[in-house]
Structures are given as C-alpha cells and as structure tokens.
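Work through the exercises below with the sequence and the model side by side. Try each task before reading its solution.

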Amino acid sequence: MMQLAVVGAAGLVGQSVLELLAQRQFPAERVFAVDGPEHEASTVSYGNLELDIRQLDEFGFENVALAIFVAGDSVAREYVPQARAAGVTVIDFSSAFRLDAEVPLVVPSINGDQLQDLEAGALVAVPNCTVTPLAMALRPLLPLQPKRLTVATYQSVSGSGQKALEELAEQTTALFSQRESENTVFEKRIAFNVLPQIGALDEDGMAEEERSIVLELRRLLQQAQLPIEATAVRVPVFFGHAWAVSLEVAADIDLVQVKNRLVAAGLQCVTADQHGGHITPMEATGNDGVWISRLRKTGNTIQFWLAADNVRVGAALNCVLVAEAMYKAGVFE
C-alpha cells in the first residue's frame, strides 16, 4: 500500500479531502496532513484518527507516492516542483497549472482517459470548484452542438475559505446586534448583500473568476471556440454554489431526451413535482450530488438551475476521484 500527503490539510477543502479519503477507504497505508506554520501544533480529522499537521517547509516528499495539493497558487508554484523532483505524483487544486498545455486538466467522468498513460511523478490539475459541476452538467449535452453558453454563478463564501465564513457570521451577528462590522476578506459587506465581482478585473472588465470559468470550461470540454458569457456573483450563503445556465444549441431540443442524457451521466434531475420543483444550495450541501432543476427550453436554448456543494463536490471529491482513477490505472505501482 502507498503513502500520501494532503498539502493544505487544515483548510476547508483539505479537511473535506481527508474526510472523503477515509469515507471511501482509499488504499493508503499512511496519510500525512501537511500545512503552513500558522497551523503548527494543530490536528485534523481523518476518519476516527486525529492527524498531527506536518510543517510544509520541513516535510520530506520522498516519503510519499502521492501529494494532493489544496493550498492555493503560491504554495503550488513553489512546492509542486519540489514534490515532483522527489518522484511524487501530484494532484493540484489551484489555478497554477490549469491552463498549462503540458498538464492534463481532469474530471474523471469527463476525460478520465487522460489518466491512463501517466507515470509516477506526473502532475494533474483539477478545475475550479465552479467549473467542475458545470462541466459535468454540460458534457452530456455536447452532442446537441452547443452554439453559446450564458451562465450566472451564485457562489457561497466558503469558496473564499474559513476567514470568509467567519466574516459572514460576524457581520450577520453585528447587524442583528446593531454593531459596526468590518470588511476584511471582501471589499464590501457580504451579509445581506450580493457582490457581483469575484477577483480582479482585467482590461476587458472580466473578473478573475469569470475568466477561469471561460478558459477552463473550453479546455475541459474541448470546445475552444464556444462563446461563453459568465457572470460570477458572491452571495451571503455559507456553503453550496448555484448556477443559472442557458445553453443555445444547433439541434432540435427534446426535453425528455435532454433529461435522459443528464440522468445517464449521473446527474440528479429534479422535476416540478419533486422537492418543491427545485434544489437550493443548502439542500445540495453535504452530499455528492450535482443537482439540476427548473429544466426548460426557449426555442433552441436549454435552461436549467444547477446546485452543488462547492467544497465537497466542486473541489475535494474530484481530487479524490482522480486519485482513485490513478490508483486503478497502476500509476503508483
């Protein structure tokens, strides 16, 4: 059996990765929890165990066969090359390598075949948590010949990490107590508000998150020329993302066929007589479903509402599924 490390183990995604590795009984002889100096002397849960957090700058990557990085761009750029130099296979959940033509960007249910011929020491990038569930919903519809995608995302604060959760909770409490509150994570108050910009704007006025959606979707779905209009919005919800999706296609639309395609691909399709006719981010949180509701059409445009747990499904589960697929492909032998 192999040994692996989770780098960024103390973060929301890192904790979820450890939870899923234990729940799904990933065949690891030993799991190391690794993070930065701010988490020194801390522990994280792994099944029934509490793991001591190892310091990243002191960790010996030669002790593991696989490292799952969920620690952000700067950590990935510095330490992924070090891990690979030690012969470690790396799965990276950051934007550092997602658009690198030499690095496969993988969601196993979409393009898992890219994992078949990898060797030890390989690097695999995992998409943005906003991209993965959306791509999973769009992949079964590609035979309908997409012409244009318009999507608005409604993203919970957990996408910005633990401090964002604390800021929303503090601001909410402060407002009810008629106290002043501060903005530290977000530029403007997030409690009882929506923020229509996630990340810095480029010269075209596109926000960083929107550009990530456009570029990663095109690469993942192999739709390089597909026009994509994305608007990313941060909403005062703790966990769970949602998407309002409009997909214009060239083929005639049969909604029964569309639903059958989605269900066959493993998505959860909710009809008007189920769950009140729609699934909210709250209901999508804490499970592994990618939920589609409000499915309808206008002319040659398919429209639907999508919801999923951004931390669990959008990020952590895909990392673990990639690890499982690599294990089955014999990458670690």
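Two strands count as paired if DSSP finds at least two bridges between them. The model used throughout is a predicted one.

**Exercise 1. State the strand order of the sheet that contains β9 and β11, and find its edge strands.**

Step 1. The sheet is open and has 6 strands, in the order β9-β8-β10-β13-β12-β11. Its pairing is mixed.

Step 2. An edge strand pairs on one side only, and here the edge strands are β9 (228–234) and β11 (268–269).

Step 3. At the β11 end, 2 bridges join β11 to β12 (residues 290–298), and these strands run parallel. One pair to locate is Cys 269 with its bridge partner Ile 292 in β12.

Step 4. At the β9 end, β8 and β9 are paired in the parallel sense through 7 bridges. Thr 150 is opposite Glu 229 of β9.

**Exercise 2. In what sense does β10 pair with β8, and in what sense with β13?**

Step 1. Between β8 and β10 there are 8 bridges, and the sense is antiparallel. Look for Arg 148 opposite Glu 248 in β10, and for Thr 153, whose bridge partner in β10 is Trp 243.

Step 2. β10 and β13 are also joined by 8 bridges and run antiparallel. Here Ala 242 is opposite Ala 307 of β13.

Step 3. When tracing side chains along these strands, keep a general rule in mind: in a regular strand the side chains alternate between the two faces of the sheet.

**Exercise 3. Which strands does α4 touch, and how does α4 lie against α6?**

Step 1. Helix α4 packs on the sheet of Exercise 1, where it touches β8 (146–155), β10 (241–249), β12 and β13 (301–308). The direction of α4 makes about 140° with that of β13.

Step 2. α4 (residues 131–138) also packs with α6 (residues 208–221), at an angle of about 45° and with the axes 10 Å apart. Because of this angle, α4 is oblique to α6.

Step 3. The crossing of these two helices, α4 and α6, is right-handed.

Step 4. From α4, the residues in contact are Val 131, Leu 134, Ala 135 and Leu 138. They meet Ser 212, Ile 213, Glu 216, Leu 217, Leu 220 and Leu 221 of α6. Sorted by class, the contact of α4 with α6 has 8 nonpolar, 1 polar and 1 charged residues.

**Exercise 4. Describe the sheet of 7 strands and the helix α2 that packs on it.**

Step 1. This sheet is open, with mixed pairing and the order β3-β4-β2-β1-β5-β6-β7.

Step 2. β3 (43–46) and β7 (123–125) each have a single partner strand, so one side of each has no neighbour in the sheet.

Step 3. From one strand to the next, the twist averages 25°.

Step 4. β2 (residues 28–35) and β4 (residues 49–55) run parallel and are joined by 3 bridges. Within this pair, Val 34 is opposite Arg 54 of β4.

Step 5. Helix α2 (residues 73–85) packs on the sheet and touches β1 (2–7), β5 (66–69), β6 (89–92) and β7. Its direction makes about 175° with that of β5.

**Exercise 5. At what angle do α1 and α9 cross, and which residues meet there?**

Step 1. The axes of α1 (residues 12–23) and α9 (residues 312–328) come within 9 Å and cross at roughly 50°. α1 is therefore oblique to α9.

Step 2. The crossing of α1 and α9 is right-handed.

Step 3. α1 contributes Val 13, Ser 16, Val 17, Glu 19, Leu 20, Leu 21 and Gln 23. α9 contributes Arg 312, Ala 315, Ala 316, Leu 317, Cys 319 and Val 320. By class, the contact of α1 with α9 has 9 nonpolar, 2 polar and 2 charged residues.

**Exercise 6. Place the UniProt annotations on the model.**

Step 1. The unreviewed UniProt entry lists residues 3–118 as "domain: Semialdehyde dehydrogenase NAD-binding". In the model this span is 25% helix and 28% strand, and its end C-alpha atoms lie 18 Å apart.

Step 2. The unreviewed entry places the feature "active site" at Cys 129 and His 241. These positions are spread over 113 residues of sequence, yet they cluster in space, with a largest C-alpha distance of 8.9 Å.

Step 3. To find Cys 129, go to the loop between β7 and α4.

Note on methods: Residues are numbered from 1 along each chain as its sequence is written. This is a predicted model: local features need pLDDT of at least 70, side-chain atom pairs count only at pLDDT 80 or more; totals for chains, interfaces and linings use all residues. Side-chain values use heavy atoms; hydrogens and water are left out. Axes are lines fitted to C-alpha atoms, for helices over the stretch in contact, and angles run from 0 to 180 degrees between N-to-C directions. Helices (H or I, at least four residues) and strands (E, at least two) are DSSP runs, numbered from the N terminus. Angles under 35 degrees count as roughly parallel, over 145 as roughly antiparallel, 65 to 115 as roughly perpendicular and the rest as oblique. A crossing is left-handed if the near helix is turned anticlockwise from the far one by less than a right angle, and right-handed if clockwise. Contact means heavy atoms within 4.5 Å. Ala, Val, Leu, Ile, Met, Phe, Trp, Tyr, Cys and Pro count as nonpolar, Asp, Glu, Lys and Arg as charged, and the others, Gly among them, as polar. UniProt positions are given in the numbering used here, feature names are shortened, and annotations may be inferred rather than shown by experiment.
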